[in-house]
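Biologist: Could you pick one part of this protein and give me a close look at how it fits in with everything else? I'm new to this, so please keep it relaxed and take me through it step by step.

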Amino acid sequence: MSFSSEVKAELAKHLGKSMHCRIAELAALIAFAGNIQEIQSENPLLQEKYRLLIKQLFGFEEAESAAAQKRIFSSVKMWEEETGRAALTDTVNGILMQQTCCRRAFIRGAFLAGGSISDPRKSYHFEIVCRSEAQAMQLRDIINSFEMDAKIVPRKKYQVVYLKEGAQIVDILNVMEAHVALMNLENVRILKEMRNSVNRKVNCETANISKTVNAAVKQLADIAYIRETAGLSSLSDNLRAAAELRLEYPDAPLAELGGYLDPPVGKSGINHRLRRISEIADALRGQGKGLAVGKGVDGI
């Protein structure tokens with residue numbers, strides 16, 4: 001079963017505590033699914049929720065008689081006394097959603113009728129497909145009344161209200177009172193965040209190691225060039241000591257290398273000396289002809 005189906009299965013069994021909440025959810029089912037009597041069998045969860053609601057509200061499971069249908073559609077403000085017929089609308093009368101619990105129920109019903117959630121192990125995406133712009137705008141505004149940032153995007157002949165961020169999808173599950181699905185999603189989010197954190201640390205450490213290795217290789221090449229051309233004796237005593245230590249400990253980090261000197265120097269001190277050695281090597285290669293190289297130069 002997909003994650004979206006799991007959420008719907010949980011919501012199909014959930015009932016609002018008050019009659020007005022149940023009416024708000026019933027209104028959403030009718031608005032988003034059309035005439036509930038004509039819903040096809042491929043959406044059994046929607047049918048299950050519809051039957052549960054009308055049984056709790058009116059005491060019957062099937063609205064076959066005209067009197068039963070009048071009771072149902074009158075309760076959701078979609079009945080015209082003049083014609084004696086249901087007047088189905090895409091939007092729901094605002095009087096049915098004055099309370100927070102009723103707005104929760106409305107979103108729950110809208111999701112059951114036209115919503116889906118992607119598998120959180122792959123991506124974060126929540127959407128409800130609406131039949132008209134007016135319906136989408138009403139749904140978006142109700143969702144955003146819970147301090148979220150739902151948006152609308154057209155898709156063929158429909159309008160889609162959607163949320164993209166994982167934290168907001170957690171919030172909307174909480175709003176709809178799909179608490180089991182919420183906990184499952186949070187578990188997935190925690191695992192994903194842990195993996196991402198580990199990957200970031202590994203990537204950072206790998207980059208630092210690569211940077212350190214490349215710097216050490218450059219230092220060794222510079223020292224070898226000076227040794228083969230002017231000789232290490234051309235360096236000041238402090239620079240020569242740093243060069244000889246780098247040759248002896250090619251893999252040592254700077255802080256460790258500085259500790260081998262007598263007296264020891266810190267990371268910045270040994271780094272300064274090795275950088276000066278590189279400048280001298282560059283001068284010998286002809287990249288800085290004006291720089292003098294000789295004993296006692298830069299004896300830091």
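Modeller: Let's start with a word I'll lean on: two residues are in contact when they have heavy atoms within 4.5 Å of each other. Also keep in mind that this is a predicted model.

With that in hand, look at helix α1. Its buried residues are Phe 3, Ser 4, Val 7, Lys 8, Ala 9, Leu 11 and Ala 12. They pack against quite a list of elements: α3 (44-58), α5 (100-114), β3 (115-117), α7 (166-176) and α8.

Let's zoom in on Lys 8, which sits in this helix, residues 3-13. Lys 8 is buried but has no salt bridge. The nearest side chain of opposite charge belongs to Glu 127, and that is 9.3 Å away. A salt bridge needs the nitrogen and the oxygen within 4 Å, so Lys 8 goes without that kind of partner. Setting aside residues up to four places away in sequence, Lys 8 touches Leu 45, Phe 111, Leu 112 and Gly 115.

Two of those names come back when we hop over to Ile 128, which lies in strand β4 (residues 126-130). Leaving out neighbours within four places, Ile 128 is in contact with a list that includes Phe 111 and Gly 115, along with Phe 32, Ile 107, Leu 139 and Val 161. Ile 128 is buried because its relative accessible area is 0%. To get a feel for the distances, compare Ile 128 with Ala 9 back in our helix: they are 119 residues apart in sequence and 16 Å apart in space, C-alpha to C-alpha.

Now for charged pairs that do find each other. The whole structure has 16 salt bridges. In one of them, Glu 25 pairs with Lys 49, with the closest N and O atoms 2.4 Å apart. Glu 25 is in helix α2 (residues 19-33) and Lys 49 is in helix α3, so this pair ties together parts that are 24 residues apart in sequence. Both Glu 25 and Lys 49 are buried.

Another pair is Glu 177 with Arg 108, where the closest N and O atoms are 3.0 Å apart. Glu 177 is in the loop between α7 and α8, Arg 108 is in helix α5, and the two are 69 residues apart. The two ends of this pair have their own surroundings: Glu 177 is partly exposed at 24% relative accessible area, whereas Arg 108 is buried at 0%.

For a shorter hop along the chain, try Glu 186 and Arg 189, whose side chains meet in a salt bridge at 3.1 Å, N to O. They are three residues apart in helix α8, so about one helical turn separates them. Glu 186 is partly exposed, at 24% relative accessible area, while Arg 189 counts as buried because its value is 16%. As for the earlier pairs, salt bridges with shared partners join Glu 25, Lys 49, Arg 108 and Glu 177 into one network.

Since we've arrived at α8, let's follow that helix to the largest pocket, which holds about 360 Å³ of space. There are 16 residues lining the largest pocket, and the closest to its centre are Thr 212, Ala 215, Gln 219, Leu 254 and Asn 271. Three elements give two or more residues each to this lining: α8 (179-228), α10 (254-259) and α11 (267-284). The biggest giver is α8, with seven residues. Sorted by class, the lining has six nonpolar, five polar and five charged residues.

One more buried spot is worth a visit: Ala 243 in helix α9 (residues 237-248). Ala 243 counts as buried because its relative accessible area is 0%. Not counting residues up to four places away, Ala 243 touches Ile 223, Leu 232, Leu 235 and Ile 277. Here's a contrast to chew on: Ala 243 and Arg 131 are 112 residues apart in sequence, and their C-alpha atoms are 75 Å apart.

Last, a few backbone oddities. Most residues other than glycine have a negative phi, and most peptide bonds are trans. Asp 262 and Pro 263 are joined by a cis peptide bond, with omega about 0°, and Pro 263 is in the loop between α10 and α11. Lys 77 has a positive phi, near 60°, and Lys 156 has one near 55°. Lys 156 lies in the loop between β5 (151-155) and β6 (158-163), and is exposed, with a relative accessible area of 85%.

Technical notes
Residues are numbered from 1 along each chain as its sequence is written. This is a predicted model: local features need pLDDT of at least 70, side-chain atom pairs count only at pLDDT 80 or more; totals for chains, interfaces and linings use all residues. Side-chain values use heavy atoms; hydrogens and water are left out. On a 1 Å grid over the protein atoms alone, a cavity is a set of points where a 1.4 Å probe fits but cannot get out, and a pocket is an open set with protein on both sides within 12 Å along at least five of seven lines; lining residues have an atom within 4 Å of a point. Grid points are joined across faces, edges and corners, and a volume is the space filled by probe spheres set on the points. Helices (H or I, at least four residues) and strands (E, at least two) are DSSP runs, numbered from the N terminus. Ala, Val, Leu, Ile, Met, Phe, Trp, Tyr, Cys and Pro count as nonpolar, Asp, Glu, Lys and Arg as charged, and the others, Gly among them, as polar. Buried means under 20% relative accessible area, exposed over 50%, partly exposed in between (1.4 Å probe, protein chains only). Lys and Arg count as positive and Asp and Glu as negative; His and the chain ends are not counted.
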